[in-house]
Amino acid sequence: MAACGTMRKAENRMAKRQFTVCNPFAGVYHIRDALSAHMTLLVGEKAALLFDTGYGLFDPLPLLRRITPLPVTVVLTHGHHDHALGCRWFEEIYLPEGEGESYRQNAGVAVRARILQRAADAGVPLNDEQRADYLASLLPEPCTLAQQSFDLGGLHVRVWPMPGHTMGSVGLLVEERRLLLAGDNLNPVVWLFFKECTSLAEYACTMRSALYLPFSHVLCPHTDRPFGRAAVEDYVEGLRPETYLKAKTVRIEPYSDVTTCECVPTDGFKLVFDSVRAYADGSLIR
Ligand SMILES: [Zn+2]
């Protein structure tokens, strides 16, 4: 596994860069954008696939072209803005079925203005023209993701439905690399408190099912480093009512209207869910 060039102590400085690239496996580029959302570029012998597009503050195409001259198919894990707003740089993108409403709602001007404020607070250099362009640019009308696999040439990618963080979320299994890209269903902090999330019980089911896949590592959209399978197995083992019942109230801005609470399924992972909904839907019953 190749090392990532990003050092933790340089995190603030690096966050101001347009993109930071890690190359953890052959043909796999995990690209962090200026606000720390990641997209993953898979490069085979005859084609490439970009999974997610980040916040979209800067054009990723010059970077992609430096990595590969091959045609790039863009696929989203789900429709949330930190994965989808970068679609504005592409003409054609593929979105999982059921994610269209989220894709459109998350692209509104209020959301974009909030992201620009966050970028300013983080010291991301954007001039007036770039800011105006960010607020005004259109996203492409998405194509529905109907394909169940992609043959990139020496790299076979299987689409795996993963309802949880959103109902329509999908993951990808990169077969030759024994690598799972799980979208927002697996991160150091998993958010499961939106109205478009499944219940905790359904999410746990999704994650248990994913363990049937032949993967050794998982890459996540909100961290540079891959997790090994053992860590994921420990996390999934912790997805049970006994864990949820130990959750503590936590305030997540700008979602303070939701009764969010946080539990720790295993060391290194947190899961934030809506406690009122979890009681109501029976997810906390042992
Ligand atoms: Zn999300």
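## Close-up views of a predicted model

**View A. Helices α5 and α6 pack against each other at an angle of about 150°, with their axes 9 Å apart.** This is a predicted model, and here we look at α5 (residues 109-121) alongside α6 (residues 128-136). On the α5 side, the contact comes from Val109, Arg112, Ala113 and Leu116; on the α6 side, look for Arg131, Tyr134 and Leu135. An angle over 145° counts as roughly antiparallel, so that is how α5 and α6 are described. As for handedness, α5 passes α6 in a right-handed crossing.

**View B. Strand β3 is mostly covered.** Which residues of β3 are buried on each side? On one side sit His38, Thr40 and Leu42, and on the other Met39, Leu41 and Val43, and all of them are buried. Put as a tally for residues 38-43, that's 6 of 6 buried.

**View C. Strand β3 with its partners, β2 and β4.** β2 (residues 28-33) runs antiparallel to β3, and 5 bridges join the two. To get your bearings, find Val28, which stands opposite Leu42 in β3. The β2-β3 hairpin has 4 residues between its strands, and Ser36 takes a positive phi there, near 70°. With β4 (residues 48-51), β3 again pairs in the antiparallel sense, this time over 4 bridges. Val43 faces Ala48 of β4 in this pairing, and the hairpin from β3 to β4 goes through 4 residues. Leu42 and Val43 also belong to the buried set, on opposite sides of β3.

**View D. An open sheet of 4 strands, in the order β12-β17-β16-β15.** The pairing in this sheet is mixed. Which strands sit at the edges? They are β12 (189-192) and β15 (248-249), each of which pairs on one side only. Zoom in on the β12 end: β12 and β17 (residues 269-274) run parallel, joined by 4 bridges. A handy landmark here is Val189, standing opposite Lys270 of β17. As a reminder, strands of a sheet pair through backbone hydrogen bonds, either parallel or antiparallel.

**View E. The stretch at residues 1-15, where the pLDDT is below 50, set against the whole protein.** The protein has a mean pLDDT of 93, and 94% of its residues reach 70 or more. Over residues 1-15, though, the pLDDT is below 50. How many contacts does this stretch have beyond near neighbours in sequence? In the model, there are 16.

Key. Residues numbered from 1 in each chain as written. Predicted model: local features only at pLDDT ≥ 70, side-chain atom pairs only at ≥ 80, totals over all residues. Pairing = 2+ DSSP bridges. Buried ≥ 20, exposed ≤ 12 C-beta atoms within 10 Å, placed from the backbone. pLDDT = per-residue confidence, 0-100. Contact = placed C-beta atoms within 7 Å. Axes fitted to C-alpha atoms, helices over the stretch in contact; angles between N-to-C directions. Parallel < 35°, antiparallel > 145°, perpendicular 65-115°, else oblique. Left-handed = near helix turned anticlockwise from the far one by under 90°.
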